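Trainee: I should like to examine the terms applied to this structure and ask what justifies each of them.

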Amino acid sequence: MTPRAVRMLLVEDDPSHRLLIRKSLENHGVANEVSEAVDGQEALDYIYGVGVYADRKKHPMPDIVILDIKMPRMDGFGVLEKLKSDPKTKRIPVIMLTTSSRDEEIAKGYEYGANAYVTKPLDFDDFAKKLHDLKMFWVLTAEIPPDVD
Amino acid sequence: VKNLEEKTNSDFWFIGRFLKPTSLPGKLLVSHLGVASLGFLALLIAFLATNALRGTVVHLVADASPKAVMAVTAMSGVQRSMAWVLRLSFVDETSRTNRRKAWTEEIWPSVSELVALAGNDDRPKMRELVSMLKELEVAQWWVEDAMASEGNVPSNMTLEREIQPLHDLMISAIDSALADLGGRLSATGRLGAVLSELKSDIQVSFFGMHDFVDSAEDWTERDILAALSNARSIIASMSDVNDKSELAETLEWIKAEFPAYDHLIMRAFSERKADNWNIADWTMEKEALPVTKRVTQALRLLSAKYSGEMKKEAESAASLSRFVTALICVLIVVMIALATVMSRRNANRITQPVAALSRAAALMAEGRITGDIPVTDDDEIGRLTGVFNKMRASLEEKEADLKTRADEMEKANKEMESFLYSVSHDLKVPMITIQGMSKLLEREFGANASKDAQTYFDYIFGASATMSELLDDLLEISRVGRMDVNPEIVDMNELAKKALAEAKALSKGRSFAFTAQTDLPPVFANRKRVYQLFSNLTANAIKFMPPGVAEPVVEIGSRPGPEGWWEFYVRDNGAGIAPKYQEKIFTLFTRLHGRDVEGTGMGLAFVRKILENMGGTIRVESEPGKGAAFYFTLPKIPEGEKG
């Protein structure tokens, strides 16, 4: 059985960053699907199939969540806390992808159960490389947890 | 405070309370006077005791002793006078003079002194003594007088004054009768023999009497009596001649005078045999000697008495002297003890506030500020304490003020850092976009771009790269103050090797001589920070190495620093730094070089911040054109961390 494409949910408020991340993730011909949410609340709505995301066929449960921290309505830690405290969602790997390299925040991320904490490099080439590596790891190297259902 | 005051007040001498000294000299004076008064008291007691002793000794020397001496002198005078009296048998002027001298020079002066010295009790005895002495003097005079006179021996006087003339007359009468008889020898043959026998008897009795007066021997007496008795019978038997002849007259005269002669002889006998046959001897024996004995006895008693008195006085003087000595010893000990106690107490009174002050000052020096020190006295120390309290209060105020300021500064600093962090972080977000988007733009549409567009891209990339670096450095700097130091043992040899390897990579092919001391000591610090520090300094050395230097050198070394620190250095032979910039280079955003040399102007500020964060320092030694050496200190491994 060929593995299905890894579904990623990218939670990021800055549209330009969303674009850069998407570009960086797409370019290398590895099968993955990227959905997007612009803030924490929307991310939760997506994961729990609330409102416009009720259709699971159209909006399937993500295998991996890529989560920014600073966002309006609900920040990344809020999302992380919710996901990791819910048995239904807590096995979904969450990768914090953020500009902050503050130790407290890194520590807080791991304490809340993040599976990885990655800072965004300033240089685009570094940025692209880092996301590529990330994708390679989670898509090709690591075993994704089986579907929750 | 009140207790202390009450205590010290009640403790102190009345004199102290009386004087109430309010200055240290006053207190010291009172204290010293107190101690000195003890000494004075002791001296007074010692003086009184010595005076009593002196009185006894004076009495001994001026009273008891002279009395004894006088008694003895008088006694010896008496004995001497008696000796001279005894020597008078040879009747000479010297003895007489000496005897008198004994009286005038020894006996009477000493006795009159004795009388003068005698107490009321001794008066009767003295009177008695004086009368006895007078009696003795008279007796001695009598003896002397008798000895000097012929009548001293009456039998002798009878013999010489009366018997001898009569004897001489009778012998010459007998001789003339015998001469007369010579003419008529035949008729008077028997008479002549009788006369001759009579003459012989008279002569025997006369010379025998001489001997007897001298010696009074019995056999002499017997011879004399025999001769006398024979003479008596001759006289009785002598027949009367009965003529008127001269012979008859002579015989008659002899017969008549003989009884007188006989009587005188018998008287001489009795005189010689009488007790007082020698008046001087007799007076001596009967009067002078007994009186002498009594006088001597009396004087001996007196002498013994006075000697006893003297001995008693001497003994009491000795015991008094012992007592005085002991008293003085005890006084000295007591005085020393009291002086010690008093001096200590007084010293405590003076030093206690000083000690309290010193303790408070020590506490203050340690930064532990205590409350006000109680001011116990209005003296110099009291005033000093007051001033100290004021100083302490103002210091406390200042310290609080300083702390507030430090807190404020710390807060401001934190805010600054936080602000810096937020700003750089927030700048990062659009920066990523600018970089990413321009890269994407170039990648996706660059192929068709004009040459001008390509230049624009390059500027965008260059500027955003600089901007990124600035942001990274800013972030890093803002993090130094925020991060825990987390020290660990860092192997500096390894670290230097790593820093130099990285520097080599930065050197872009230029051949640098990278050297590091191989015996760099390990330090106790945050490894990452120490590495950043070294890599910053080596990177600077490479970055700013002028192209003209033929053999560029970067060198790492170390040497002992201040207590608990090592001093490390990174040295190069580059352009060096002008003195006026040497302090400035450590401040943020100071750039000595133009835009042609890459860098943000934050490297050395960052380095200094790292060092300051762990208490270290950094300085530069440089001469323009001859390179620069950066010296900085890193902590040694503390005792507890070595194992």
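Mentor: The discussion below concerns a predicted model, and it takes chain A before chain B.

Trainee: What makes the sheet of chain A an open one, and which are its edge strands?

Mentor: The sheet has 5 strands in the order 2-1-3-4-5, with parallel pairing. Strand 2 (32–37) and strand 5 (116–119) of chain A each pair on one side only, and they are the edge strands. From one strand to the next the twist averages 20°.

Trainee: How do you know that strand 1 and strand 3 of chain A are paired?

Mentor: The cut-off is at least two bridges between two strands. Strand 1 (residues 6–11) and strand 3 (residues 64–67) of chain A are joined by 4 bridges and run parallel, so they count as a pair. A:Val11, for instance, has A:Leu67 of strand 3 as its bridge partner.

Trainee: Which strands does helix 2 of chain A lie across?

Mentor: Helix 2 (residues 40–48) lies across strand 1, strand 2 and strand 3 of chain A, and runs at about 150° to strand 1. Angles over 145 degrees count as roughly antiparallel, so the value of about 150° places helix 2 of chain A roughly antiparallel to strand 1 of chain A.

Trainee: Why is helix 2 of chain A called roughly parallel to helix 3 of chain A?

Mentor: Helix 2 and helix 3 (residues 76–85) of chain A pack at an angle of about 25°, their axes being 9 Å apart. The limit for roughly parallel is under 35 degrees, and the angle therefore makes helix 2 of chain A roughly parallel to helix 3 of chain A. Helix 2 contributes A:Gly40, A:Ala43, A:Leu44, A:Ile47 and A:Tyr48 to the contact, and helix 3 contributes A:Val79, A:Lys82 and A:Leu83. By class, these are 6 nonpolar, 1 polar and 1 charged residues. The crossing of the two helices is right-handed.

Trainee: What makes A:Arg73 count as exposed, and what is notable about its phi?

Mentor: A residue is exposed over 50% relative accessible area; A:Arg73 has 63%, and therefore counts as exposed. Its phi is near 65°, a positive value in a residue other than glycine. A:Arg73 is placed in the loop between strand 3 and helix 3 of chain A.

Trainee: Why is B:Ala216 called partly exposed?

Mentor: Partly exposed covers the range between the 20% and 50% limits. B:Ala216 has 27% relative accessibility, so it belongs to that class. B:Ala216 is found in the loop between helix 7 (189–215) and helix 8 (218–237) of chain B, and although not a glycine, it has a positive phi of about 55°.

Trainee: How many helices and strands does chain B have, and what share of its residues is buried?

Mentor: Chain B has 15 helices and 7 strands. Of its 643 residues, 38% are buried. Among contacts in chain B with a separation of 6 or more, 75% are between residues 24 or more positions apart.

Trainee: Why is helix 13 of chain B called oblique to helix 14 of chain B?

Mentor: Helix 13 (residues 492–506) and helix 14 (residues 527–543) of chain B pack at an angle of about 40°, with their axes 9 Å apart. Roughly parallel requires an angle under 35 degrees, and roughly perpendicular begins at 65; the angle between these helices meets neither condition, and helix 13 of chain B is therefore oblique to helix 14 of chain B. The contact includes B:Leu495 and B:Ala499 of helix 13 and B:Phe534 and B:Ile542 of helix 14. By class, it has 11 nonpolar, 2 polar and 3 charged residues. This crossing is right-handed.

Trainee: How do you know that strand 6 and strand 7 of chain B pair, and which side chains of strand 6 are buried?

Mentor: Strand 6 and strand 7 (residues 628–635) of chain B share 5 bridges in the antiparallel sense, and at least two suffice, so they pair. Along strand 6 (residues 618–622), B:Ile618, B:Val620 and B:Ser622 point to one face and are buried, whereas B:Arg619 and B:Glu621 point to the other and are not. B:Arg619 stands opposite B:Tyr631 in strand 7. The hairpin has 5 residues between the strands, and B:Gly625 there takes a positive phi near 90°.

Trainee: What makes B:Lys626 exposed, and which residues does it touch?

Mentor: B:Lys626 has a relative accessible area of 62%, and is therefore exposed. B:Lys626 lies in the loop between strand 6 and strand 7 of chain B. Leaving aside residues up to four places away in sequence, B:Lys626 touches B:Asp572, B:Asn573, B:Gly574 and B:Ala575. B:Lys626 and B:Gly576 are 50 residues apart in sequence, yet 5.7 Å apart in space, C-alpha to C-alpha.

Technical notes
Residues are numbered from 1 along each chain as its sequence is written. Chains are lettered from A and ligands numbered from 1 in the order in which they are written. This is a predicted model: local features need pLDDT of at least 70, side-chain atom pairs count only at pLDDT 80 or more; totals for chains, interfaces and linings use all residues. Side-chain values use heavy atoms; hydrogens and water are left out. Axes are lines fitted to C-alpha atoms, for helices over the stretch in contact, and angles run from 0 to 180 degrees between N-to-C directions. Contact means heavy atoms within 4.5 Å. Angles under 35 degrees count as roughly parallel, over 145 as roughly antiparallel, 65 to 115 as roughly perpendicular and the rest as oblique. A crossing is left-handed if the near helix is turned anticlockwise from the far one by less than a right angle, and right-handed if clockwise. Ala, Val, Leu, Ile, Met, Phe, Trp, Tyr, Cys and Pro count as nonpolar, Asp, Glu, Lys and Arg as charged, and the others, Gly among them, as polar. Buried means under 20% relative accessible area, exposed over 50%, partly exposed in between (1.4 Å probe, protein chains only).
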